[in-house]
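Student: Hey, got a minute? I've just opened this one and don't know where to look. Can you walk me through it?

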Amino acid sequence: MSEQSTEQNMDNPNQTIAGTSDTTTEKAFLDNIRQNIDAVDCEIQTLINNRAKLAQQVAAVKKSHTANNATADSRNPIFYRPEREAQVLKAVMERNEGPIADEKMARLFREIMSVCLDLEAPQRIAFLGPVGTFTHAAALKHFGKAADTVPMTTITDVFREVEAGTAMYGVVPVENSSEGVVNHTLDGFLSSSLKIIGEVELPIHQNFLVAEHTKIDGLSRIYSHQQSLAQCRHWLDVNFPNVERVAVSSNGEAARRLKNEWHSAAIAGDVAVAEYDLHKLYSNIEDNPSNTTRFLIIGHEAIAPSGQDKTSIVVSAHDKAGALIEILKPLSYHSVSMTSIETRPERPNKWAYVFFIDMNGHVDDANVSAAINDIRPLVKDLRILGSYPKAVL
């Protein structure tokens, strides 16, 4: 220490002491907060385990009921209750007081519920693969990370896996706010008896991904699904106008290819980053930031009302003028709000069509039931695809 600084300290003896005192006080204050955090963590851990034990009790009751009831359905849906989970998550958001945002709090509970359900009965979920796609992200968002998610090559494979009972449920895309309806999913219901038991809405945020060994200055190609390339067209025109864009079967496949190529990049979602050990060079590069895809959860069972539901039906109309108007009139008469309608060819009949109609409400609601009953005599065939909770997260 210099003589000058020594003299300054002697002239102002409280300077060093005050600094030491402030540091000591701050450390003691932080230590106290951390001890409180540790105590809260212990409480949280105890409560989560208590919840898990209650879930195990629920499972024991259900298994006992199935064993003692010859008519009971022995399939896994006895454990998974979409309407109950929707009610729990909505209640979490309604009573939340912050500072954590409502949806983030619900996501925490989503994962707790996923782990508890896994204790009751492990869930095997088929989804349109490969790993790292937005459908994979939708499956994780709806069922949580404790679920066993299994990629399928096609939408038809997802339907087949659930029909065979190899998977309890399936996740398939049905429409995108920018690109429109996914016809393969609608066609899947025409040849399947499966029901819609839930839905997921996923904001589509695209990332520009590279691997550890990628040489940014030497990029010669960008991989992605054709829809993702279209959704990022303007951004790519501005930032990488001279780099070749290569359409592949999925964003997961695009991410996978970077493992062995130093001169390539990929466009994909967040799930692909962790699955393929990639890095985000740029985030949220989509031209339309509000772009959203809706996914359907498919299964075997009918779902009880949750309080905020949708009902989907498929209708085969008679070949006559005004057939569609006749179908829609009962919805208006009974004050049922139609949310969407899509048309698909009625195979193998030539120039015949079916209508997929989504409406607000549950089939157990008086007005929805009355509207459907009024439509039946007006059409060749009407099938209720399912009543299910509206997307919560």
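Tutor: Sure. Keep in mind that this is a predicted model. Let's start with a helix pair: H12 and H13 are roughly antiparallel to each other. Their axes cross at roughly 155° and come within 8 Å; H12 covers residues 323-333 and H13 covers residues 366-375.

Student: Is the crossing of H12 and H13 left-handed or right-handed?

Tutor: The crossing of H12 and H13 is right-handed.

Student: And which residues make the contact?

Tutor: On H12 you have Ile327, Pro330 and Leu331, and on H13 there are Ala371, Asp374 and Ile375. By type, the residues of that contact are 5 nonpolar, 1 charged and no polar.

Student: OK, on to sheets. What's the strand order in the sheet with 5 strands?

Tutor: The order is E8-E7-E9-E6-E10, in an open sheet with mixed pairing. E8 (244-248) and E10 (279-282) are the edge strands, each with a single partner strand, so one side of each has no neighbour in the sheet. On average, neighbouring strands there are turned by 35° against each other, direction ignored.

Student: How many bridges are there between E7 and E8?

Tutor: There are 5 bridges, and E7 (residues 221-225) pairs with E8 in the parallel sense. To find one on screen, look for Ser224, whose bridge partner in E8 is Ala247.

Student: What about the sheet with 4 strands, which way does its pairing go, parallel or antiparallel?

Tutor: Antiparallel, and the sheet is open, in the order E13-E14-E12-E15. E13 (338-345) and E15 (381-389) stand at the edges with a single partner strand each, so one side of each is left without a neighbour in the sheet. Here the average turn between neighbouring strands is 15°, again ignoring direction.

Student: Which strands in there are joined by 7 bridges?

Tutor: That would be E12 (residues 309-316) and E14 (residues 353-360), which run antiparallel. Ile313 stands opposite Ile357 in E14.

Student: And which helix lies across E12, E13, E14 and E15?

Tutor: That's H7, residues 183-190, and it runs at about 80° to E13.

Student: New topic: how many aromatic pairs does the structure hold?

Tutor: The structure holds 10 aromatic pairs. One of them is Tyr80 with Phe143: the ring centres are 5.3 Å apart and the planes sit at 45°, so the pair is tilted.

Student: Where do Tyr80 and Phe143 lie?

Tutor: Tyr80 is in the loop between H2 (14-68) and H3 (82-95), while Phe143 is in H5 (residues 134-143), so the pair ties together parts that are 63 residues apart in sequence.

Student: Anything odd in the backbone?

Tutor: A few spots. Most peptide bonds are trans, but the one joining Gly98 and Pro99 is cis, with omega about 10°. Pro99 is in the loop between H3 and H4 (102-120). The bond from Gly129 to Pro130 is also cis, with omega near 5°, and Pro130 is in the loop between E1 (124-128) and H5.

Student: And what's the phi of Asp277?

Tutor: It's positive, about 55°, although Asp277 is not a glycine. Most residues other than glycine have a negative phi. You'll find Asp277 in the loop between H11 (270-275) and E10, and E10 is one of the edge strands we talked about.

Methods: Residues numbered from 1 in each chain as written. Predicted model: local features only at pLDDT ≥ 70, side-chain atom pairs only at ≥ 80, totals over all residues. Heavy atoms only, no water. Axes fitted to C-alpha atoms, helices over the stretch in contact; angles between N-to-C directions. Helix = DSSP H or I, 4+ residues; strand = E, 2+ residues; numbered from the N terminus. Parallel < 35°, antiparallel > 145°, perpendicular 65-115°, else oblique. Left-handed = near helix turned anticlockwise from the far one by under 90°. Contact = heavy atoms within 4.5 Å. Nonpolar A, V, L, I, M, F, W, Y, C, P; charged D, E, K, R; others polar. Pairing = 2+ DSSP bridges. Phe/Tyr/Trp six-rings, centres within 6.5 Å; stacked < 30°, edge-to-face > 60°.
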